[in-house]
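Please look through the sequence and the model below before reading on. The report then goes through a few parts of the structure in turn.

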Amino acid sequence: MRKSRSSYIIKAFLMVISYTDRHLMKHIYLQKGDHMYKKILLAVDGSENSLRATEEAAKLAKIESDSIVDILYVNVPPKTAREILLEPSKEEQDKARQARISPVEKILNDAGVKNKVSIVTGEASPTIIQHAKTTEAEIIVIGSRGLNAVQKFVLGGVSNEVVQKATVPVLLVK
């Protein structure tokens, strides 16, 4: 079921209200006969902004008792010969990945939020967008590195590309 742009605007407006009064928001939203986000895709990389995004995803998930947060960690393949030569062993990669995902799982588990972990290999932005489509996520929550205009132009930015190309709402957390 494709939602109109106005329904996304209404949801965004109600999300702002949620930070001041989550119960009021749920009451208003449920009166409309719709539901808040039940399938939340949380893209993480282990950064501080990722942890802040996790806290916001937990807030969203707690609005609906049957919400689930899909923690997505993208393994970006090496691009250069140097990266290939210096690539750590599989065991070291698994250990580093788990060190990045564990704090996210802890935040969600401590908040009493149902979650699962998905680990996918690919380029970050397209992989996040494709995973959202494949899993029928209703919203993507992602942290931002806070790049300035010049850095965004030169480096791009995963969160910026996700915001531009995603077909579902994106909550960008700084």
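## A helix and what follows it

Helix H6 is followed by Glu-136, a residue whose phi angle is positive, near 55°. Helices (H or I, at least four residues) and strands (E, at least two) are DSSP runs, numbered from the N terminus. The model is a predicted one, in which local features need pLDDT of at least 70 and side-chain atom pairs count only at pLDDT 80 or more, while totals for chains, interfaces and linings use all residues. Residues are numbered from 1 along each chain as its sequence is written, and side-chain values use heavy atoms, with hydrogens and water left out.

Most residues other than glycine have a negative phi. Glu-136 is not a glycine, yet its phi of near 55° is positive. This residue sits in the loop between H6 and S4, and it counts as exposed because its relative accessibility is 55%, where exposed means over 50% relative accessible area, buried under 20%, and partly exposed in between (1.4 Å probe, protein chains only).

## The protein as a whole

How many helices and strands are there in the protein? There are eight helices and five strands, and read along the sequence they follow the pattern α-α-β-α-β-α-α-β-α-β-α-α-β. The protein has 174 residues, of which 38% count as buried. Contacts (heavy atoms within 4.5 Å) often bridge long stretches of the sequence: among those between residues at least 6 apart, 75% join residues at least 24 apart.

## The buried side of H6

Helix H6 covers residues 124-134, and its buried residues are Ala-124, Ser-125, Thr-127, Ile-128, Ile-129, His-131 and Ala-132. An α-helix has 3.6 residues a turn, so residues three or four places apart point the same way. Which elements do the buried residues of H6 pack against? The partners are four strands, namely S1 (39-44), S2 (68-75), S3 (114-121) and S4 (139-143), together with helix H8 (158-165).

One member of this helix, Thr-127, counts as buried because its relative accessibility is 11%. When neighbours within four places in sequence are left aside, Thr-127 is in contact with Leu-72, Val-74, Val-120, Thr-121 and Gly-122. Its side chain also reaches back to the backbone oxygen of Glu-123, at 2.5 Å. For a polar contact, a pair of N or O atoms must lie within 3.5 Å; within protein, one must be able to donate a hydrogen and the other to accept it, and residues adjacent in sequence count only if both atoms are side-chain atoms.

## Three residues with partners far along the sequence

The table sets out three pairs, with distances taken from C-alpha to C-alpha.

| Pair | Apart in sequence | Apart in space, C-alpha to C-alpha |
|---|---|---|
| Leu-41 and Ala-137 | 96 residues | 5.9 Å |
| Asn-49 and Lys-174 | 125 residues | 6.1 Å |
| Leu-172 and Ala-53 | 119 residues | 7.6 Å |

Leu-41 belongs to strand S1. Is this residue buried or exposed? Leu-41 counts as buried, because its relative accessibility is 0%. Beyond the residues up to four places away in sequence, Leu-41 touches Asp-70, Leu-72, Ile-128, His-131, Ala-132, Ala-137, Ile-139, Ile-140 and Val-141. Among these, Ile-128, His-131 and Ala-132 are also listed with the buried residues of H6, and Leu-72 is a contact of Thr-127 as well.

Asn-49 lies in helix H3, and it is buried because its relative accessible area is 14%. Residues up to four places away in sequence again not counted, Asn-49 touches Gly-143, Ser-144, Arg-145, Val-173 and Lys-174, and Lys-174 is its partner in the table, with their places 125 residues apart in sequence.

Leu-172 is found in strand S5, which runs over residues 170-173. It is partly exposed, because its relative accessible area is 36%. With residues up to four places away in sequence not counted, Leu-172 touches Ile-142, Gly-143, Ser-144, Ser-159 and Val-163. Gly-143 and Ser-144, two of these, are also touched by Asn-49.
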